[in-house]
Amino acid sequence: MIVTTIRRAVVTLPAAPLGPDNPLPALRPLDEVHRIDDRDKAGLPRDMARQLGHAPLRSLLPVRVRDGYDRTRVPREFDALVVENDRLRATVLPALGGRITSLLHKRTGRELLYTNPVFQPANFALNGAWYSGGIEWNIGATGHTTLSCAPLHAARVPAPDGGEMLRMWEWERLRDLPFQVDLWLPDGSDFLYVGVRVRNPHERPVPAYWWSNIAVPEECRVLAPAEEAFHFGYERRLRRVPVPSYDGVDRTYPLNSTYAADYFYEVPEGRRRWIAALGADGHGLVQTSTDVLRGRKLFVWGAGTGGRRWQQWLTEPGTGGYCEIQAGLARTQLEHVRLEPESEVAWLEAYGPLEAEPAGEWPSLVDAAEARLAAALPRAAVDAAYEAWKPYADTEPGELLAAGSGWGALEVLRGGFKLPGTPFDEAALGEPQQPWLHLLRTGTLPEPGAAAPPGESLVAPPWRDMLETAPATPLTEYHLGVAQWHAGDRAQAVRSWERALPLAPSRWPLLRCLAVADREGGHHERAADRYAEAFDELCREQRDSDATWTAATAALGREAIEALLAAGRPAPARAVWEGLHPATRERGRFRLLLAALLLAEGRPDRAREVFDAGFEVADLREGDESIGRLWARLTDEPLPARHDFRMRPAP
């Protein structure tokens, strides 16, 4: 009898460094590309319309933005965990969001996933750094999780069949929800089982979100048991379309679409939940689950210039592209579901090979594929596996295989939560948690021992309450203002920051917060003044050129230049530019900023030279069209292909 085994391994990839996180609190609203036009909400199913408006994410706080990466790749070793039986081998990267980076069907030698040959962060996660390929676990809010490039806790756990499971768990900070993902391969199974549980330990309801995203080679056909889908593109319109074809084009072939788009399949009530991607030879991957995971989706980059450019951007030139098949808690990724107080939601997923005919008439084709799935893995077997797994979900982990963050341990200490199966031990507490542990135990925030950018802020109501009753030091007022801003009390946040200014040994963090408040309030001249003052103060205070100070200077400098240019003040923007570190000025994001500065100075020829010299904006955001807009101000020539990341038709 061969049951699941779990072993350590190393995966070596050409990899770009993640770099330091942005040390400035993320006060500004999300640049959300998944917000729909209000016109499209009429006529939607009632539960869907309600969930579309249920507690959308307004802020990234308390999470930091991850924008310190670049595009210089060198070989790097990643610790991996391999879950294996005699049929399948799953390779997992616990330090990168628990991503399943490979799922190999050993009997046929087929790789079932799209495996990226490089590790190249790009600005697709809610908080920035994300990378493509494999199976990712998206929790939090609409978009790729903030844990995309973050470590998860991992350990061995007994499996229902007597073998081993790999358990991964963490505390998701946007919604304050602990979750776990259990992976195992029963004896003789061609399917990887994945048990998922999301818990709400609080005495209040919480909006919940989950989508499992599976990258597969895009030269395929995607099958799902649906006759209709909701189409969502980057023009932000949501509309119902027929499946498989609309506008005379079969959209179940990813390369038949021109632009990037989502297709959320309407799987009828009572129908088995599954989705498959099959190559021209009829071989591919199928994903199925218990019914709680109701949604199914296809994401395509499309065959247009922008989609091709993004595909090249995320991997090595000359390698194949990918699409994503996905499964989630709601009909669409634009929705959040209500998780009741002190409750949980759990389900079982299964991933494995499927061989079926990929071409033919849609209804009969789907029925035939579903029959093949039923023969390989009956629906009742998935339900039974879920019931068998549930008692094991609370089993305490054995050997620890990887360590996540200390934020869950801090929350468990604060709330006294009992979370069997997912221990958040005090041993995980690290330097970022120490000031907050001190506040929890003594009622005061400790003063920093040396000049440095302020640490991370906590914003949940219990922490805000503690800050309000703590001695009103400048650092406490700073963090309190951040928490008040997150809660929507912007006037009180401004008062907290202003109170701290006269006595603060370090004024630039407070001035920057006040500048953001001015800019959000439409006071652009005052925002520009405060940004310029904040940058001057930072440059005077900076003691050395370590990574944290350099990241702070770059982040504040970028915001200051953008605010000064928005206020029509290129001269002080130039002064900020000159104050940046030389290496920062060479980064692609800042070459683009230089071109905008030169144009504002009335030197369009010099701005054009910046484009002609070439640059790469490593942290270009999904859906960002700023490069194209600036180019259009310089010339009537077509946008060069290397800068064409457009994901929608021209307006």
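Biologist: Which residues does Phe611 touch, not counting residues up to four places away in sequence?
Modeller: This is a predicted model. Contact here means heavy atoms within 4.5 Å. With sequence neighbours up to four places away left out, the partners of Phe611 are Leu592, Ala595, Ile627, Leu630, Trp631, Leu634, Arg642 and His643.

Biologist: Which residues touch the most other members of the largest nonpolar core?
Modeller: That core has 98 residues. Phe611 is one of the three that touch the most other members. The full set is Trp301, Trp497 and Phe611.

Biologist: Which helix gives the most to this core?
Modeller: The top contributor supplies nine residues. It spans residues 547-566. That is helix 12.

Biologist: How many residues are in the other core, the one with Leu103 and Trp137?
Modeller: This core lies apart from the largest one. Leu183 and Val241 are also among its members. Its count is 88 residues.

Biologist: Is strand 11 mostly covered or mostly open, and how many of its residues are buried?
Modeller: Buried means under 20% relative accessible area. On one side, Leu177, Phe179, Val181 and Leu183 meet that cut-off. On the other side, Pro178, Gln180, Asp182 and Trp184 are buried too. Strand 11, residues 177-184, is mostly covered, and the count is eight of eight.

Biologist: Which residue in the turn between strand 10 and strand 11 has a positive phi?
Modeller: Strand 10, residues 164-172, runs antiparallel to strand 11, and seven bridges join them. Glu172 stands opposite Leu177. The two strands form a hairpin with four residues between them. The turn residue with a positive phi, about 60°, is Asp176.

Biologist: What is the bridge partner of Phe179 in strand 12?
Modeller: Strand 12 covers residues 192-200. It pairs with strand 11 over six bridges, in the antiparallel sense. The partner of Phe179 is Val198.

Biologist: Which strands are at the edges of the open sheet?
Modeller: The sheet has nine antiparallel strands, in the order 15-21-22-26-12-11-10-9-27. Its twist averages 20° from one strand to the next. An edge strand pairs on one side only. The edges are strand 15 (221-223) and strand 27 (400-402).

Biologist: What angle does helix 3 make with strand 15?
Modeller: Helix 3, residues 362-376, packs on the sheet. It touches strand 15, strand 21, strand 22 and strand 26. Its direction and that of strand 15 make about 75°.

Biologist: At what angle does helix 4 run to strand 26?
Modeller: Helix 4 spans residues 379-389. It lies across strand 10, strand 11, strand 12, strand 22 and strand 26. Its angle to strand 26 is about 135°.

How values were computed: Residues numbered from 1 in each chain as written. Predicted model: local features only at pLDDT ≥ 70, side-chain atom pairs only at ≥ 80, totals over all residues. Heavy atoms only, no water. Buried < 20%, exposed > 50% of the residue type's maximum accessible area, 1.4 Å probe, protein only. Pairing = 2+ DSSP bridges. Core = buried A, V, L, I, M, F, W, Y, C linked by side-chain atoms within 4.5 Å. Axes fitted to C-alpha atoms, helices over the stretch in contact; angles between N-to-C directions.
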